[in-house]
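Welcome! Here are a few exercises to work through at your own pace, each with a solution below it.

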Amino acid sequence: MPELPEVETVKRGLAPTMEGALLVRAELRRPDLRFPFPENFAAAVSGRRILALSRRAKYLMIDLEGGDVIVAHLGMSGSFRIEAGTQPVAPGGFHHPRGKDEKHDHVIFHLDGGSGQTRVIYNDPRRFGFMDLARRDTIAEHAFFRDLGEEPTGNALDAVYLAARFAGKSQPLKTALLDQRTIAGLGNIYVCEALWRSGLSPNRAAGTLVDKRGRPKRALFALVEAIRAVIADAIAAGGSSLRDHIQADGSLGYFQHAFSVYDREGEACRKPDCGGTVARIVQAGRSTFHCPRCQK
Ligand SMILES: [Zn+2]
């Protein structure tokens, strides 16, 4: 499943082609993805200029002239590729291989960027992705967005904010960090990575990072730093895979994240001098990978 860094990388990969271009025509190859397309979706977006691409949590947002916003979610297996002439370019790195079969090309945006025609193609074999239309002026109240917490890379996410959310909570730290109402788009993989990097146990109560007066303890500052760092590193790695891909021979440049702890059960902890072994536990139905020796 594409995580936040992949969606950010996809956005950055698509932006140079899409921003400022005219969306001449949206071609829908089927009536639905995970959900039906909004009525008149193709007609509403066709003929509009694309103003900007942005991301909120794991949603990609395409702002159009006139105030409509295409909100796209990649689901489990969604991906975009750009075709100009014969050379396809697929922005973004994915932990799992993306779909390649053209029979899963469900949406084609035909663009005119001023210097020629391009096609931005959405491919999704499992069809858990979706596209919706929203209005820019009311998007904060949209059902997708109204309950979302702060972005993991945004300035509003700091230790004071998390202290207010965690104070008095006996919920395990791992579970508290996965709550999208607190941090938006921080998925299972990056919660595991951030906890390992900050040396905090996924089992400890979230409230133990807050002092009696509601102020963040030192460990909570370290955790915020770790969250920012794991996301920034992954985005940087995704960006480099994108560059590699563009220079490559046309084969899809899948990108395997170098995770420190995620999916490494039974392997040695990567912290120098730790000597511990990565363990897997299940919390709230999700796998947690951690080092019981150095995460306290
Ligand atoms: Zn360790």
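**Exercise 1.** How many helices and how many strands make up the secondary structure of the protein chain?

*Solution.* Keep in mind that this is a predicted model. Going along the protein chain, you should arrive at six helices and eleven strands. For a wider view, 51% of the 296 residues count as buried. Next, take contacts between residues at least 6 apart in sequence: 67% of them join residues at least 24 apart.

**Exercise 2.** Does the span of helix α1 (residues 4–18) agree or disagree with 1.5 Å a residue, and which of its residues are buried?

*Solution.* Start with the span. The rule is 1.5 Å times one less than the number of residues. For the 15 residues of α1 this gives 21 Å, and the end C-alpha atoms are 20 Å apart, which agrees.

Now look at burial, where the cut-off is under 20% relative accessible area. Twelve of the 15 residues of α1 meet it, so the helix is largely enclosed by the rest of the structure. The buried residues are Leu-4, Pro-5, Glu-6, Val-7, Glu-8, Thr-9, Val-10, Lys-11, Gly-13, Leu-14, Ala-15 and Met-18. After the helix comes Gly-20, with a positive phi near 90°.

**Exercise 3.** Which strands are joined to β7 by bridges, and how do they run?

*Solution.* First, find β7 at residues 105–112; seven of its eight residues are buried, leaving the strand mostly covered. One partner is β1 (residues 22–28), antiparallel to β7 and joined to it by six bridges. Here Arg-25 stands opposite His-110 of β7.

The other partner to find is β8 (residues 117–123), also antiparallel to β7, with seven bridges between the two. Asp-105, for instance, has Asn-123 in β8 as its bridge partner. Finally, β7 and β8 form a hairpin with four residues between them, and Gly-114 in that turn has a positive phi of about 95°.

**Exercise 4.** Which residues touch the most other members of the largest nonpolar core, and which helix supplies the largest share?

*Solution.* This core has 42 residues, and Phe-166, Leu-173, Leu-177 and Leu-223 touch the most other members. Then check the helices: α3 (159–166), α4 (173–178), α5 (188–198) and α6 (218–247) each supply at least two residues. The largest share, nine residues, comes from α6.

Zoom in on Phe-166: leaving aside residues up to four places away in sequence, Phe-166 touches Leu-173, Ala-176, Leu-177, Thr-182, Ala-206, Gly-207, Val-210 and Leu-220. Apart from this core lies another, of 27 residues, including Met-18, Ala-21, Ala-72 and Val-107.

Conventions:
Residues numbered from 1 in each chain as written. Predicted model: local features only at pLDDT ≥ 70, side-chain atom pairs only at ≥ 80, totals over all residues. Heavy atoms only, no water. Core = buried A, V, L, I, M, F, W, Y, C linked by side-chain atoms within 4.5 Å. Buried < 20%, exposed > 50% of the residue type's maximum accessible area, 1.4 Å probe, protein only. Contact = heavy atoms within 4.5 Å. Pairing = 2+ DSSP bridges.
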